[in-house]
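Ready for some practice in reading a protein structure? Keep the picture open while you work, and try each task before you look at its solution.

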Amino acid sequence: MKAENIRSRDDLNLYNSLLKEPDVIRVNESIKRAEQKGPYSTRRHLLSTSIRLSPQMAPTVHSMKDECAEKLGLDIPLELYVYNSPQFNAACFKPEDGRLFIMFSSSLLEAFTGSELRFVMGHELGHHLYQHHDIPIGYILKGSQKPSPKLALQLFSWSRYAEISADRAGALCANDLQGVARSLFRLSSGLSDNVIQFSLDDFLAQMDDMQEDEENQTNRGPKEDWFSTHPFSPLRVKALQLFHNSEHSCVDGMSTDDLEIGVHSLMGFMEPSYLDGRTRPSEIMRRLLFSGSIAVINASGEVTDEEISKFESFFGDHSLSEKLNVDKIIKDLPERIQMARENTSISQRMQVLRDLCLMVVADNKAGLKERAVVIDIAEALNVSPAFAETHLDVTRELD
Ligand SMILES: [Zn+2]
């Protein structure tokens, strides 16, 4: 199995189309100009804030790194760093002077062993292998020129598929589905083996329950709370299980086409496909996202003309046919929430709320007043505020 061949198809397609986006081109050009002036030294920063792990200091981690690099066909000098933190975390930086850097938190390096650590290492190397740094999502979202809401949601959408690709690279290095799932579970729960006995079957069963809920359009149950605190990792585990059962991993596994269709429909759970949908629930969801966004922007002062035109271009294509009368839109919000409660499933409402949060984050507007509006909307939608909190704190970088 070749690492290039296992990249998620949706990642690749979105990546190629995002690279042609004027906003992405503009940010990449400005990064390039800044680098020519005087390179921002990641290495210097790492050396001053973290400890470089030499092969003598950490022989096991280094040999693991060499094995992973070989499996992924990477031929680039790699430096490993560790920084002091109780949170499990790892990151890979864009190479500098032909050297690649991976950084781990001290707690992760202490707690993760064997295939768990191989998975994390392979995942980080995967981001480099698939050139995910070519779409500098953090810079684009944090820059002074804000991307359109549509581009912001596309970037988040791509970043989820980018994680799927990186996970596959990690799975290739670990070659142990149980270890990989345990690793993802521990990353999202922060728990160590001393506390819980991880069960892959239980973890996947919860995922199946979530999907069943979606199909039955049932009301809020305890599963939603679980989804709230771990919004993403069960989907990633499920996507990895499909990968594990595909022709990439076993001789008579499912075809790559079937794998990609499976992953796409799995992730559809998280995709803002209602933005283009023609069904009544899709329209209700769009209207809710629209009014919710206006209410949030309005939380700390007047909605500017620039914001209005941005929203018009975003929602205009979907024939919402409304004039931007801010007061009226806000006044109608409770009615729209009620419509959503009557006509959409709990996970559809969670999807809209998630997208609302991402738009707030992309806009760099997650202040106290804005958060309060989002929390109110969550409560009115009968979605737990913790779910909104999780997504308001979402990072604007790849993890
Ligand atoms: Zn990642």
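Two strands count as paired when DSSP finds at least two bridges between them. Keep in mind that this is a predicted model.

**Exercise 1. Find how strands β2 and β4 are joined, and in which sense they run.**

Solution.
- Step 1: Locate β2 at residues 78–83 and β4 at residues 99–105.
- Step 2: Count the links: 6 bridges connect β2 with β4. Pairing needs at least two bridges.
- Step 3: Compare directions: β2 and β4 run parallel.
- Step 4: Look at individual partners. Leu78 has Leu100 in β4 as its bridge partner, and Tyr81 stands opposite Met103 in β4.

**Exercise 2. Work out the strand order of the sheet and name its edge strands.**

Solution.
- Step 1: Put the 4 strands in order, which gives β1-β2-β4-β3 in an open sheet with mixed pairing.
- Step 2: Pick out the strands that pair on one side only: these edge strands are β1 (51–53) and β3 (90–96).
- Step 3: Check the twist. Ignoring direction, neighbouring strands of this sheet are turned by 30 degrees against each other on average.
- Step 4: Add the helix that packs on the sheet. Helix α4 (residues 59–71) touches β1 and β2, and its direction makes about 135 degrees with that of β2.

**Exercise 3. Describe how β3 and β4 pair, and what the hairpin between them looks like.**

Solution.
- Step 1: β3 and β4 are antiparallel and share 5 bridges.
- Step 2: Take one bridge as an example: Cys92 is partnered by Ile102 in β4.
- Step 3: Follow the chain from β3 to β4. The hairpin has 2 residues between the strands, and Asp97 takes a positive phi near 45 degrees there.
- Step 4: Ask how enclosed β4 is. Because 6 of its 7 residues are buried, β4 is largely enclosed by the rest of the structure.

**Exercise 4. Decide how helices α8 and α13 are oriented to each other.**

Solution.
- Step 1: Find α8 at residues 149–174 and α13 at residues 256–267; their axes are 12 Å apart.
- Step 2: Read the packing angle, about 135 degrees.
- Step 3: Classify the angle. Roughly perpendicular covers 65 to 115 degrees, and roughly antiparallel begins over 145. The two helices, α8 and α13, are therefore oblique to each other.
- Step 4: Note the handedness: α8 passes α13 in a right-handed crossing.
- Step 5: List the residues that meet. Arg160, Tyr161, Ile164 and Arg168 of α8 meet Leu259, Glu260, Val263, His264 and Met267 of α13.

**Exercise 5. Is Ser293 buried or exposed, and is Asp393 buried or exposed?**

Solution.
- Step 1: Place the residues. Ser293 belongs to helix α14 (residues 280–298), while Asp393 lies in the segment after α19 (385–392).
- Step 2: Recall the cut-offs: buried is under 20% relative accessible area, and exposed is over 50%.
- Step 3: Apply them. Ser293 has 4% relative accessibility, so Ser293 counts as buried. Asp393 has 53%, so Asp393 counts as exposed.
- Step 4: See what surrounds each residue. Setting aside neighbours within four places in sequence, Ser293 is in contact with Phe311, Leu356 and Met359. Asp393 is 32 residues from Val361 in sequence, with 7.8 Å between their C-alpha atoms.
- Step 5: Set this against the protein chain as a whole, where buried residues make up 52% of the 399 residues.

Definitions and conventions: Residues are numbered from 1 along each chain as its sequence is written. This is a predicted model: local features need pLDDT of at least 70, side-chain atom pairs count only at pLDDT 80 or more; totals for chains, interfaces and linings use all residues. Side-chain values use heavy atoms; hydrogens and water are left out. Buried means under 20% relative accessible area, exposed over 50%, partly exposed in between (1.4 Å probe, protein chains only). Contact means heavy atoms within 4.5 Å. Axes are lines fitted to C-alpha atoms, for helices over the stretch in contact, and angles run from 0 to 180 degrees between N-to-C directions. Angles under 35 degrees count as roughly parallel, over 145 as roughly antiparallel, 65 to 115 as roughly perpendicular and the rest as oblique. A crossing is left-handed if the near helix is turned anticlockwise from the far one by less than a right angle, and right-handed if clockwise.
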